[in-house]
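Thanks for coming. Please have a look at the sequence and the structure before I start talking.

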Amino acid sequence: IRKCHEAFLDWRHESPEKRAEIIKAIGDGLRSKKKDLSRLMTNEMGKLVKQGEQEVDLCAGICDWTAANGPKELASEERELPNGGKGRIAYSPIGVVYGIQPWNFPTYQVIRYAIANLMAGNGVLLKHAESVTGSGLMLEKIFREAGLPDNLFSVLRISHDQPLLGVASALQSSHHHFGACTLPTRCSPRLPESQVLARAAVRPARRVDGASITSARRDGLRH
């Protein structure tokens with residue numbers, strides 16, 4: 001967690017255009033590893049190879065869209081104020097986002113929250129379902145090979161009993177901001193990609209203090 005936060009401290013200062021280059025490279029990496037990733041999903045949770053390839057194509061498309069539109073959607077906005085003055089709306093990253101993901105779409109469940117948050121300048125931690133941990137680790141490798149800084153996206157290999165206790169212990173006596181993202185298996189209504197990006201950037205993270213930890217569902221990151 002601390003390593004991810006340290007990586008975030010540098011990543012938040014990268015320009016949206018630079019982040020977009022890496023997001024685009026992640027999409028390219030997904031396409032180049034499509035067969036390997038699809039076969040791994042089949043071996044881990046029984047997904048048909050054809051369905052796995054379709055899932056990877058969808059995720060690569062999310063990367064393409066985010067890379068093409070992210071800088072524009074995250075640009076500061078000038079506004080005229082009622083009193084005649086001028087204001088500016090700026091989007092800033094919030095910190096490290098912790099995602100607990102289910103097994104049914106091993107790649108999509110990760111991409112749909114990780115890519116928007118990385119584009120917005122956040123760090124991302126993943127606790128994947130135990131049965132598809134290998135898929136999570138392959139995604140971590142693809143992200144790293146695409147040029148994402150070390151530790152900015154990390155897979156946690158921990159048991160079901162460890163996540164909350166581990167987070168509380170690691171952040172005890174620290175002042176880091178940390179968002180918890182638990183996405184349901186059943187799909188919720190989709191948000192436009194631009195709203196996903198904006199909410200990833202500006203929604204406040206839940207604060208984790210010592211042994212007291214609250215897991216939050218981040219509505220803005222659900223598709």
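I will go through the overall layout, then the aromatic pairs, then the nonpolar core. One caution at the outset: this is a predicted model.

Layout, then. The protein has eight helices and six strands. Going along the sequence, their order is α-α-α-α-β-β-β-α-β-α-β-α-β-α. There are 223 residues in the protein, and 48% of them are buried. If we take contacts between residues at least 6 apart in sequence, 79% of those contacts join residues at least 24 apart. The accessible surface comes to about 10900 Å², and carbon and sulfur atoms account for 50% of that surface.

Now the aromatic rings. How many aromatic pairs does the structure hold? It holds two. In one pair, F105 and Y108, the ring centres are 6.4 Å apart and the planes meet at 85°. An angle over 60 degrees counts as edge-to-face, so that is the label for F105 and Y108.

Are F105 and Y108 buried or exposed? F105 has 34% relative accessibility, so F105 counts as partly exposed. Y108 has 10%, which is under the 20% cut-off for buried, so Y108 counts as buried.

The other pair is F143 and F153, with ring centres 4.5 Å apart and planes at 45°. That angle is neither under 30 degrees nor over 60, so the pair is called tilted. F143 sits in helix α6, residues 133–145, while F153 sits in strand β5, residues 153–155. The pair therefore ties together parts that are ten residues apart in sequence. F143 and F153 are both buried.

That brings us to the core. As background, nonpolar side chains in soluble globular proteins tend to be buried together. Here the largest nonpolar core has 37 residues. Which residues have the most contacts inside this core? They are I23, I26, L30, F143, L148 and F153, so both rings of the tilted pair are on that list. Elements giving two or more residues to the core include α1 (2–11), α2 (16–32), α3 (34–45) and α4 (49–73), as well as β4 (123–127), α6 and β5. α5 (108–119) is also among them, and α5 gives the most, with eight residues.

Last, a closer look at F153. Leaving aside residues up to four places away in sequence, F153 touches V110, A114, V124, L126, G136, L139, E140, F143 and L148. F143, its partner in the tilted pair, is one of these.

That is the end of my part.

Key. Residues are numbered from 1 along each chain as its sequence is written. This is a predicted model: local features need pLDDT of at least 70, side-chain atom pairs count only at pLDDT 80 or more; totals for chains, interfaces and linings use all residues. Side-chain values use heavy atoms; hydrogens and water are left out. Rings of Phe, Tyr and Trp (its six-membered ring) pair if their centres lie within 6.5 Å; planes under 30 degrees apart count as stacked, over 60 as edge-to-face and the rest as tilted. Buried means under 20% relative accessible area, exposed over 50%, partly exposed in between (1.4 Å probe, protein chains only). Helices (H or I, at least four residues) and strands (E, at least two) are DSSP runs, numbered from the N terminus. A nonpolar core is a set of buried Ala, Val, Leu, Ile, Met, Phe, Trp, Tyr and Cys residues joined through side-chain atoms within 4.5 Å. Contact means heavy atoms within 4.5 Å. Accessible areas come from the Shrake-Rupley method with a 1.4 Å probe; for residues, only the protein chains shown count as cover.
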